[in-house]
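Here's a quick tour of one structure, with an eye on packing and on a few backbone oddities. Have the coordinates open while you read.

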Amino acid sequence: MAASLIFILFPGEPSLLLAQTRSGESRQTPSADLDIDRSQSELRPLIERYNVDRASLTRTYPLVISPTARERFRKFYTEWLDRLAALDFDRLSQDGRIDYLLFKDHLEHELRQLDIQAKQFAEVEALLPFARAIFELDDSRRRMARVDAPRTAAMLDEMRKQIDGLRRSLEERLPARASGSNGSSAPPIRRNVALRAVNMLASLRATLKNWFDSYNGYDPIFTWWIAEPYRAVDQALQNYNSFLGERMAGVSLAQSEQAQSSAPPGGPQPERARRLIRARPGDTSDIVGDPIGRDALMAELAAEMIAYTPEELIEIANKEMAWCEAEMIKASRELGYGDDWKRALEHVKNQYVEPGKQPDLIRDLALEAIDFVEKNNLVTVPPLALETWRMQMMTPERQLVNPFFTGGETISISYPTNTMSHEQKMMSMRGNNIHFARATVFHELIPGHHLQGFMAARYKPYRAPFRTPFLVEGWALYWEFLLWDMNFPKTPENRIGMLFWRMHRCARVIFSLRFHLGEWTPQQCIDFLIQRVGHEPENAIAEVRRSFDGSYEPLYQAAYLLGGLQLYALHKELVGTGKMTDRAFHDAVLKENSIPVEMIRAKLTGERLTRDFKPQWKFYDSLARP
């Protein structure tokens with residue numbers, strides 16, 4: 001069939017010229033990135049209103065651990081659930097039904113998170129008995145109540161005495177704790193609980209400072225009475241924080257503490273531990289973590305619309321790991337190392353660029369991947385997305401937490417600086433070698449995270465609260481699967497580079513779920529990465545530190561492989577059967593925003609959805625390894 005030209009005109013917009021190809025695809029002109037989101041979901045106005053209302057409440061109640069904030073958000077989420085329940089689900093369009101289910105799932109998850117936060121605070125309340133007084137001061141400031149300066153000064157002085165007395169009391173228990181006996185009837189304080197108290201204490205201290213700064217200097221009576229009691233209690237809080245962190249939790253705190261950034265309950269969590277705990281090369285004492293247990297994992301999986309148990313997911317990861325190892329052996333034999341694939345891996349690790357050349361390598365690899373996806377007509381890449389990606393070098397301090405590249409609009413390049421020791425330099429260069437980089441640059445940029453983020457900002461952005469790492473990270477990892485199938489790796493070394501990362505993602509599922517099930521310690525997770533995947537020791541430490549420092553939700557590290565497998569299975573279902581082309585499939589996924597893959601599947605397949613929908617897609621059944 002000869003190609004034909006179709007002109008599409010929209011009022012007030014330039015024409016979009018689409019050249020129709022034999023397969024029904026369109027090769028778009030540079031003006032095609034002016035295409036706009038025309039989704040017609042009936043729930044879009046409601047969700048947009050919810051988003052701005054929630055943002056207003058978050059600014060008003062930034063202290064997420066306070067009972068006042070929890071109860072206000074509980075009322076807010078419950079009211080929105082009631083509004084949602086009043087809608088006639090059966091009269092909604094497919095997009096409307098998907099948004100209904102996403103919204104309902106989100107609100108129910110947020111309510112569960114409030115319960116979890118209340119339980120977590122109850123577990124540390126004995127270490128923070130003065131928190132209630134700080135909550136009351138913050139509430140009074142928000143109500144714009146007049147401060148009774150003499151009474152408040154006396155209250156602060158009592159708080160200082162309470163903090164100092166509590167620290168001395170806990171300190172007296174430490175020698176007995178070290179010998180294996182409390183010396184009292186009180187149960188021992190777990191490290192993860194002490195570290196949770198450190199994080200909450202940083203937030204409490206910042207809240208008290210904000211309260212003081214709101215009046216100090218503006219109200220002379222306030223300043224006369226309260227300046228000195230506040231200074232004393234702030235010092236007591238700082239001393240107590242250091243004691244809790246270094247003596248009770250056994251971590252080294254940063255010299256300059258930064259307060260936690262505000263986040264709505266259940267929303268993206270601030271990078272607490274990264275800011276409060278000082279990471280040091282070779283040291284694992286700062287890796288504590290806070291395992292959530294099996295019941296909480298099941299609740300999180302339900303919220304992410306994953307119809308598997310943690311144990312089933314670990315088994316899936318083990319099967320994928322075994323496949324990777326078999327492919328590693330094939331590549332190892334081609335390189336002359338026989339079945340000893342770890343020797344072949346060492347060969348690949350030693351192929352790194354010299355200092356100063358890493359940015360050139362990353363640029364060339366990015367352009368190679370872009371050229372590959374465009375030549376193979378795999379996905380639409382808007383010209384503005386091509387123009388706006390950038391790169392920057394990662395700081396040595398950040399590399400202690402994240403030793404590899406991170407990406408999005410800006411790819412952050414991990415490479416050693418002159419300030420690192422010789423051993424650190426070698427591990428960083430070996431861990432970010434040419435072939436490892438070739439397998440990660442397209443993951444971070446195009447067609448991975450940069451293209452994904454570019455489209456998410458432009459298509460159905462109101463769905464941002466429903467964002468899931470199973471799509472965010474799954475999308476980027478899925479491209480590693482697809483490009484492997486399309487022979488993107490040209491040499492055995494290239495294949496080993498890609499296989500290393502796939503094994504890494506299998507390992508993430510295994511070690512993160514086993515940790516949260518209470519089966520593994522952080523050290524066991526580190527050993528697993530070194531022994532089973534072949535990580536450099538410093539990189540393995542940084543990977544586990546990153547996983548459990550509190551800045552990622554419990555399922556985040558498992559989401560890479562599992563989300564990638566979901567998209568891979570959906571691609572097989574739709575593209576593998578000829579129902580969609582590669583480009584149509586990828587463009588359609590990107591325009592649904594970063595929602596659970598099962599909901600994207602419902603949109604692309606037209607699945608009949610009901611108000612009481614429960615996740616049920618066993619995506620691995622069509623992909624299972626023998």
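Let's start with Trp479: leaving aside residues up to four places away in sequence, Trp479 touches Val373, Leu378, Val379, Phe442, Pro447 and His586. Keep in mind that this is a predicted model. Trp479 and Met599 have the most contacts inside the largest nonpolar core, a set of 136 residues. Helix 20 (residues 492–516) supplies the largest share of this core, with 13 residues. Another core lies apart from it, with 49 residues that include Leu127, Leu137, Ala153 and Phe243.

Now the backbone. Most residues other than glycine have a negative phi, and most peptide bonds are trans. Pro447, one of the Trp479 contacts, sits in the loop between helix 17 (441–444) and helix 18 (449–456), and the peptide bond leading to Pro447 from Ile446 is cis, with omega near 15°. Two asparagines have a positive phi:

| Residue | Phi | Loop | Relative accessibility |
|---|---|---|---|
| Asn377 | about 55° | between helix 12 (358–375) and helix 13 (383–388) | 18% |
| Asn487 | near 60° | between helix 19 (469–485) and helix 20 | 60% |

Asn377 is buried because its 18% is under the 20% cut-off, while Asn487 counts as exposed because 60% is over 50%.

Finally, a helix pair. Helix 2 (residues 67–85) and helix 3 (residues 94–124) pack at about 160°, axes 10 Å apart, which makes helix 2 roughly antiparallel to helix 3. The crossing is left-handed. Among the contact residues are Phe73, Tyr77 and Trp80 of helix 2, and Phe103, Leu107 and Phe121 of helix 3. By class, the contact has 13 nonpolar, 2 polar and 6 charged residues.

Note on methods
Residues numbered from 1 in each chain as written. Predicted model: local features only at pLDDT ≥ 70, side-chain atom pairs only at ≥ 80, totals over all residues. Heavy atoms only, no water. Axes fitted to C-alpha atoms, helices over the stretch in contact; angles between N-to-C directions. Helix = DSSP H or I, 4+ residues; strand = E, 2+ residues; numbered from the N terminus. Parallel < 35°, antiparallel > 145°, perpendicular 65-115°, else oblique. Left-handed = near helix turned anticlockwise from the far one by under 90°. Contact = heavy atoms within 4.5 Å. Nonpolar A, V, L, I, M, F, W, Y, C, P; charged D, E, K, R; others polar. Core = buried A, V, L, I, M, F, W, Y, C linked by side-chain atoms within 4.5 Å. Buried < 20%, exposed > 50% of the residue type's maximum accessible area, 1.4 Å probe, protein only.
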